[in-house]
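This report goes through selected features of the structure shown here. It takes up one chain, then the interface, then single helices and residues.

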Amino acid sequence: MRDTNWTALIVCTTLFVAVSALGFVASRWRRAESLDHLDEWGLGGRNFGPWITWFLLGGDLYTAYTFVAVPALVFGAGAIGFFAVPYTIVVFPMVLLLAMRLWSVSHAHGYVTPADFVRGRFGSPSLALAVAVTGIVAIMPYIALQLVGIEAVLRTMGVGGHWPIIVAFTILAAYTYQSGLRAPALIAFVKDTLIYIVVLVAVIYIPIKLGGFDEIFGAADEKFDKSPQTTDGVLLANTQTLGYSTLAFGSAAALFLYPHSITALLAARSRNTIKRNMAALPAYTLVLALLALLGYMAIEAGVTPLTGANGKPDNNTVVPLLFDQMFPDWFAGVAFAAIAIGALVPAAIMAIAAANLFSRNIWREYVHRDAKPAEEAHVSKIASLVVKAGAVAVILALEPQFSIDLQLIGGVLILQTLPPIVFGLLTRWFHPWALLCGWAAGLVSGLLMLYNTANPLTGKEHFGGAQYALSGLGFDTKMTVYTGMLALLLNIAVTLAASLVLRKAGAPREADATREHDYHVEAGDPDAKPLPGTPDELAPARR
Amino acid sequence: MRTWYFLLIIPLIGVLIPTFYNKLDPELAGIPFFYWYQMLWIPLSVAITVLVYIKTREPKRGPDDA
C-alpha cells in the first residue's frame, strides 16, 4: 500500500465536493417549468447552444477511461495505442451528415433515443427493441469502466478500499436523479477546463524535465527492443497496419452509435449547433494525442505501474503515477480531480441514455403503453439509479479486467446496430426483418470471434482482445483486423441478401412514419414540432 | 452545394492508411514522423470541416422554404 498523499487528496476531494454541489444546483440552471418530461430530464430541454454542446459532447466522448487507458496502452505496447488519434480525427467528418439528419428527424418527431428513430422509420417494435437492448448492454460496462479510472487515481493517492467509489457514485446517482442531463452539462465545464489545464502543463513541463522528445522516444524504443513481443514498438509492425486502421474506423463508427453520444447530440438546440461542433470537437483530439504521448514519458521517467488486484501490473495507474512523480503535490491533486471528475460526466450521461432507452423502448412499448410523459420521466429517473448501482456492483463483485473485457465486447456489439441506424438515416430500402437477421448474425459471429481470440501475453485463452487474426478465416497472412468490423461486414452482407429476398417475395412491412423533409428540419422551422412533444406516430401503432 | 461534403473524405484517406506514414523519419523536434504526421491531421481536418461548414451553411429559412 502506498503512503497517502494528503495534499493531493485534500485538493482532489475539495474539487470533487465543489463539483457535486454544482450537480445539485444544475436542476435550477436554465430552469424548466417542470422536469417531469423526458425532453427536460433526459435531454436538458433540447436547448443547449454551441458552447454547452461542445463541452457536453467533449466531456461525454472523451471519457476518463480514455484518458487513463490510451496512455496505458501506449506505455505497454507503443504505436498501436495511438489509434485513438486517427479514431477521433475521422469520427467527426464521418458522422457530420448523419448527425444532422438524426437531429432533424428526432426534432421533428420528438425522438429521445436511437431506438425511437428505428421504431418510427421501420415501424418494427422488435427491431427497435434489438437496438435498445444492444445499447443498454453495451453501455453498462462502459459506465463500470469509468470507475476503473477513478480507482487508478485513488490508488495512486494511497487510498484503498471500495468505499470512496461507493460514496462518489452515490452522490453522482443522487444529483443525476434530481437534475438529469443538466448536471453533467454544467459539470462538463469544470471537467474540461481542468483537463485542458492539466494536459497543457503536463506536455510542456514534463518533456522539459525529461530532456526533450528525443530522450523520451529513445527510452521507449529501448524498452520495446528489449521486450520479447513482436507487436510492440514505436512504429506499427507490418501485420498491425490493417488492424490499426480498422480499429480506428470501427471505433469511430461505434462512437456515433453509443446511446450516450446520441443523447448529447439530441440535446443540442439546432442543426447548426451540431454542424459547428463537428468542426470544433477535434480540439479534444489534440488533448488526447498529447495524453497518449504521456505513456512514453512515463517510460522515460521510469514509472513502474502499481500491482493490480489480480497480482499483475496495472498499466492504468501509469498516468496518475507520472503526475504524482512529476508535479508538486497540490497540482497532482488538481490533475487527479480532473480524471475523477472526468469519469462522472460520461457516467452520468451514459446512465441517462440507458435509462431513456429503458423507459421509452421497453417500459412504454411493452409494459405500460399509455405512459404519460411524467411517468416516462419517473421511470427513467429510477432506471438511472438502477444502472449506476449495477455498475458499482459489477466493479465490486468482479475483477476490473472483467469490465474491460465486457467493454471490448460492448464495442463490437454496438457496431451491429449500424445498419438500422445509419442505413436507416439514409434509406428505407432495407427490410426490418433483414436488419434483424443481420444484427443477429453480427452479434453471434462477433461474440464467437472474441471468444476464440487468445492472448498469449496475458495467458488468456478467450476474450484476449479485439484483433482477430485473418488466418482464423483461412487467409494465409499474419494480418489482424478489428473484430467489430468483420462482424459488421457479415451483418451488412446478411442484411443486404435478406432484404433482396424479402423484397422480391413482397414481405409485408409497416409504413414509414418519417418523410424525407423531416431529415432537414431546422429549429424554428414552421413545421418543426413545438417542444416538448410526444412522438405522434407511436400513438396509432399502439392500437 | 452538396459536392462540398465530399471533401470530408480527405481526412479519412489521410489517416486511415498507416502504410504511408508508419516510419520514423523525418523527425520533428525529436518526435517520429508516425506521431507528428497524425497530429498534423487534427488541424487539417478542422480546416476542411470548417470549409465545408461555411460552404454549405443553410440560409435562414423563411416560411416558404421547404
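## Chain B

In chain B of this predicted model, residues 24 or more positions apart account for 58% of the contacts with a separation of 6 or more. The chain has two helices and zero strands. Of its 66 residues, 29% are buried.

The loop between α1 (9-15) and α2 (33-55) of chain B holds P26(B). The peptide bond that leads into this proline from D25(B) is cis, and its omega is near -5°. A29(B) lies in the loop between α1 and α2 of chain B. Its phi is positive, about 50°, although A29(B) is not a glycine. Is A29(B) buried or exposed? It counts as exposed, because it has 9 C-beta neighbours inside 10 Å, and the limit for an exposed residue is 12 or fewer.

## Interface of chains A and B

On the side of chain A, 35 residues are in contact with chain B, where 31 residues take part. Five elements of chain A each give two or more residues to this side: α5 (84-109), α10 (213-226), α11 (241-257), α13 (271-280) and α14 (282-300). Which of them gives the most? It is α5(A), with nine residues.

Sorted by class, the side of chain A that touches chain B consists of 25 nonpolar, five polar and five charged residues.

## Packing of α1 and α9 in chain A

Within chain A, helix α1 (residues 6-25) packs against helix α9 (residues 182-210). The angle between them is about 145°, and their axes are 8 Å apart. The crossing of α1(A) and α9(A) is right-handed.

From α1(A), the contact is made by V19(A), L22(A) and G23(A). The partners from α9(A) are A183(A), L186(A), I187(A) and V190(A). By class, the residues of this contact are six nonpolar, one polar and no charged.

## Helix α17 of chain A

Helix α17 of chain A covers residues 373-397, which is 25 residues. At 1.5 Å a residue it should span 36 Å, and the end C-alpha atoms are 36 Å apart, so the two values agree. The buried residues of α17(A) include the charged E376(A), K381(A) and K388(A). Also buried in this helix are, among them, A377(A), V379(A), A383(A), V387(A), A391(A), V392(A) and I395(A).

E376(A) belongs to helix α17 of chain A. Why does E376(A) count as buried? It has 24 C-beta neighbours inside 10 Å, and 20 or more are needed for a residue to be buried. Leaving aside neighbours within four places in sequence, E376(A) is in contact with L38(A), S359(A), R360(A), R364(A) and A371(A). E376(A) and W6(A) are 370 residues apart in sequence, and their C-alpha atoms are 45 Å apart in space.

## R46 of chain A

R46(A) is found in the loop between α2 (38-41) and α3 (50-61) of chain A. Its phi is near 50°, a positive value in a residue other than glycine. R46(A) counts as buried, because 24 C-beta neighbours lie inside 10 Å.

Key
Residues are numbered from 1 along each chain as its sequence is written. Chains are lettered from A and ligands numbered from 1 in the order in which they are written. This is a predicted model: local features need pLDDT of at least 70, side-chain atom pairs count only at pLDDT 80 or more; totals for chains, interfaces and linings use all residues. Two residues are in contact if their C-beta atoms, placed from the backbone, lie within 7 Å. Helices (H or I, at least four residues) and strands (E, at least two) are DSSP runs, numbered from the N terminus. Axes are lines fitted to C-alpha atoms, for helices over the stretch in contact, and angles run from 0 to 180 degrees between N-to-C directions. A crossing is left-handed if the near helix is turned anticlockwise from the far one by less than a right angle, and right-handed if clockwise. The expected span of a helix is 1.5 Å times one less than its number of residues.
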